[in-house]
Amino acid sequence: MPAHRLTRTLLFALVPLLLVGCGVNTIPTKDERAKAQWAEVQNQYQRRADLIPNLVETVRGYAAQERDVLVAVTQARASATQVKVDASTLTDPAAFQAFQAAQDNLSGVLGRLMVISERYPDLKSNQNFLALQSQLEGTENRIAISRRDYNEAVRDYNTKIRTFPGALWAGTVHRWAKPMQTFSAAPQAQTAPSVSFGPTAPAAPSVSMQPAAPPAALPAPAPAVPAR
């Protein structure tokens, strides 16, 4: 075999190895990891949405007068489930924010639903309600974890496509690669209602801070009538 043909054959064999060594496959790998974490976020949100109808019906059986809260939860769930998302949502700031806003709104009204249960001892001791409450708490924990893992995967991916040599591959071989959006803390996160199912502490008596009114003056004694 002529030397030039041998050299060409060796180059063709080495090119794939060189590309792998330079990290050309790193961006697609990190992209797939971020999308897998996104799918887990959606899975946990769907799990929460599936719990809500039974939870609302259970509360309604004991606290039908809390109609405003029950309606708010039902409407928030409908809004959250109607937001359509797919892989393109990750790189679309407006679509991503709409999804997060709908889910955060649902979290807020669910907190209100949990708080009103404090006023209904029979509801708090209902076994079905206790089971649903436990499942909801577990799901909320899994949502928090899945959002954290998604944010970390996206941070890793975004860093890769913005730094060398990943930025080189993102500008040439992987021109489809765009920065992904991350979850941020909801504005109400700092003042979210406490989901507590313990006994409610009695309210402290109201104490007026106004100064006490001075005692009314006693009437002056009538003048004495001289005896005759």
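Q: Where is Pro165 found in this predicted model?
A: Pro165 is found in the loop between α6 and α7.

Q: What makes the peptide bond from Phe164 to Pro165 cis?
A: The value to look at is omega, which is near 5° for the bond from Phe164 to Pro165, and this bond is cis. For background, most peptide bonds are trans.

Q: How many helices and strands does the secondary structure of the chain come to?
A: There are 7 helices and 0 strands. Read from the N terminus on, the elements run α-α-α-α-α-α-α.

Q: Why are α2 and α3 called roughly antiparallel?
A: Helix α2 (residues 26-62) and helix α3 (residues 67-82) pack at an angle of about 170°, and their axes are 10 Å apart. Angles over 145 degrees count as roughly antiparallel, and α2 and α3 are therefore given that name.

Q: Which residues make the contact of α2 with α3?
A: From α2 come Ala49, Asp50, Ile52, Pro53, Val56, Val59 and Arg60, and from α3 come Leu70, Val73, Thr74, Arg77 and Thr81. Sorted by character, the residues of this contact divide into 7 nonpolar, 2 polar and 3 charged.

Q: Why is Thr81 called partly exposed?
A: Thr81, found in helix α3, has a relative accessible area of 34%. Buried means under 20% and exposed means over 50%, with partly exposed in between, so Thr81 at 34% is partly exposed. Its C-alpha is 8.5 Å from that of Ala102, with the two residues 21 apart in sequence.

Q: How do you know that Val69 is buried?
A: Val69 is also a residue of helix α3. Its relative accessible area is 8%, and the cut-off for buried is under 20%, so Val69 is buried. Leaving out residues up to four places away in sequence, Val69 touches Arg112, Leu113 and Ile116. As for Leu113, Val69 is 44 residues from it in sequence and 6.3 Å from it in space, C-alpha to C-alpha.

Q: What makes the pair of Trp38 and Tyr150 tilted?
A: The ring centres of Trp38 and Tyr150 are 5.7 Å apart and their planes are at 50°. Centres within 6.5 Å make a pair, planes under 30 degrees apart would be stacked, and planes over 60 would be edge-to-face. The angle of 50° meets neither of those two limits, so the pair is tilted. Trp38 lies in helix α2 and Tyr150 in helix α6 (residues 127-162), 112 residues apart, and their pair links distant parts of the chain.

Q: Why are Trp38 and Tyr150 called buried?
A: Trp38 has a relative accessible area of 3%, and Tyr150 has one of 0%. Buried means under 20%, so Trp38 is buried and so is Tyr150.

Q: Why is the pair of Trp38 and Phe183 called stacked?
A: Here the ring centres are 6.3 Å apart and the planes are at 25°. The distance falls within 6.5 Å and the angle is under 30 degrees, so the pair is stacked. This pair too links distant parts of the chain: Phe183 is in the segment after α7 (166-170), 145 residues from Trp38 in helix α2. Both Trp38 and Phe183 are buried.

Q: Which residues do ring pairs link into a cluster?
A: The cluster holds Trp38, Tyr45, Phe96, Phe99, Tyr150 and Phe183. The count of aromatic pairs comes to 9.

Q: Why does Thr89 count as buried?
A: Thr89 sits in the loop between α3 and α4 (93-116). Its relative accessibility is 3%, to be set against the limit of under 20%, so Thr89 counts as buried. Beyond residues up to four places away in sequence, Thr89 touches Trp38, Lys84, Ala95 and Phe96.

Q: How do you know that Gln44 is buried?
A: Gln44 lies in helix α2 and has a relative accessible area of 6%. With buried set at under 20%, 6% passes, so Gln44 is buried. Apart from neighbours within four places in sequence, Gln44 is in contact with Thr139, Arg142, Ile143 and Ser146.

Q: What share of the 228 residues in the chain is buried?
A: Buried residues make up 31%. The chain exposes about 14,700 Å², with 59% of it supplied by carbon and sulfur atoms.

Notes. Residues numbered from 1 in each chain as written. Predicted model: local features only at pLDDT ≥ 70, side-chain atom pairs only at ≥ 80, totals over all residues. Heavy atoms only, no water. Axes fitted to C-alpha atoms, helices over the stretch in contact; angles between N-to-C directions. Helix = DSSP H or I, 4+ residues; strand = E, 2+ residues; numbered from the N terminus. Parallel < 35°, antiparallel > 145°, perpendicular 65-115°, else oblique. Contact = heavy atoms within 4.5 Å. Nonpolar A, V, L, I, M, F, W, Y, C, P; charged D, E, K, R; others polar. Phe/Tyr/Trp six-rings, centres within 6.5 Å; stacked < 30°, edge-to-face > 60°. Buried < 20%, exposed > 50% of the residue type's maximum accessible area, 1.4 Å probe, protein only. Areas by Shrake-Rupley, 256 points an atom, 1.4 Å probe, with all protein chains shown as cover.
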